[in-house]
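Okay, thanks for coming, everyone. I've got one structure to walk through today, so let me put it up on the screen.

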Amino acid sequence: MVLFGVGRRPNTAGLDLEKAGVHTDDRGYVPVTDRLRTNVPYLSAIGDVTGGIQLAHVASHQALVAASVLSGHDERIDYRAVPAATFTHPEVASVGLTEAQAREAGHEITTARFPFAALGRAHAYGAMDGMVKVVADRSSGAVLGAHIIGPGASDLITEAALAVTHGVTLTGLADTLHAHPTLGEATMEAAMGPSASRFTPRVSAAEDEQRFSPSAMTARRLTSSFSRPVR
């Protein structure tokens, strides 16, 4: 049996929203601000009825923001880092911008990839298909998006969502200690690629050779000997 879904429509008919003064659009959705307020300032709306990203975890987060706003706090919803997961085999998950979207937004980008086939934990699971891909701004290194296909993708995407939300850089991801052996190491390993330049020696080969030449090492030993305190 094949289920073919062609779309969704809001189930707002019969709620008498017009009696409360709440506006709906031509499809029946309830427009809201980034504070989840309807056109009636003391009434908020969350979830699929708002016509935005129709995911359960988005509705839950909208509820937190709406409750905070109704409590008098100045909080706003941010949809830049909404993780999406497809529970297939292998799993697929993504967050933030794709390469094309990042370029359209004016970013010069760099991408980083790491295959699960090179990860010990994936071999232990017997699930080596797929990879982690990270999209970042070339100049700042800030993570703009991530895309994962492979074992545990729906769980791994949370770290990438955190990175996008808080402007974490590729170096920040690479410098974060990850337990071994875990699937999460794939994100760290991917981030290490573009940030590998920090392992490049800052001195030239000639300078390096001169620094470690026999005469230079002898001079350092003599200097060290003469600088020792006399007891």
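I'll go through the sheet, then the core, then the pocket. One thing before we start: this is a predicted model.

So, the sheet. We have 5 strands in an open sheet, and reading across it the order is β1-β2-β5-β4-β3, with antiparallel pairing. Which strands stand at the edges? Those are β1 and β3; each has a single partner strand, so one side of each is left without a neighbour in the sheet. If you like angles, neighbouring strands here are turned by 10° against each other on average, ignoring direction.

Quick general reminder: strands in a sheet pair through backbone hydrogen bonds, and that can be parallel or antiparallel.

Now the individual pairings. Start from the β3 end: β3 and β4 run antiparallel and are joined by 7 bridges. Within that, threonine 111 has valine 135 of β4 as its bridge partner. Moving on, β4 connects to β5 through 6 bridges, antiparallel again. Then β5 pairs with β2, also in the antiparallel sense, over 6 bridges.

Have a look at isoleucine 149 in β5. Methionine 131 stands opposite this isoleucine, and so does valine 92. As for β5 itself, the strand is mostly covered, with 6 of its 8 residues buried. And if you're scrolling through the backbone torsions, stop at glycine 141: this glycine sits in the hairpin of β4 and β5, which has 5 residues between the strands, and takes a positive phi near 80°.

Okay, the core. The largest nonpolar core has 28 residues, and Val95 and Phe116 have the most contacts inside it. On the strand side, β2, β3, β4 and β5 are among the elements giving two or more residues, and the helices α4, α5 and α6 do so too. Which element gives the largest share of this core? It's α4, with 7 residues.

Keep α4 in mind, since it comes back in the pocket. The largest pocket holds about 470 Å³ of space. It has 22 lining residues, and the ones closest to the centre are His57, Ala81, Val82, Pro83 and Ala161. At least two lining residues each come from α1, β1 and α4, and α4 gives the most, with 7 residues. For anyone thinking about the chemistry of that lining, the split by class is 13 nonpolar, 6 polar and 3 charged.

That's my tour. Happy to take questions.

Definitions and conventions:
Residues numbered from 1 in each chain as written. Predicted model: local features only at pLDDT ≥ 70, side-chain atom pairs only at ≥ 80, totals over all residues. Heavy atoms only, no water. 1 Å grid on protein atoms, 1.4 Å probe; cavity = no way out; pocket = protein on both sides within 12 Å on 5 of 7 lines; lining within 4 Å. Points joined across faces, edges and corners; volume = space filled by probe spheres on them. Helix = DSSP H or I, 4+ residues; strand = E, 2+ residues; numbered from the N terminus. Nonpolar A, V, L, I, M, F, W, Y, C, P; charged D, E, K, R; others polar. Core = buried A, V, L, I, M, F, W, Y, C linked by side-chain atoms within 4.5 Å. Buried < 20%, exposed > 50% of the residue type's maximum accessible area, 1.4 Å probe, protein only. Pairing = 2+ DSSP bridges. Axes fitted to C-alpha atoms, helices over the stretch in contact; angles between N-to-C directions.
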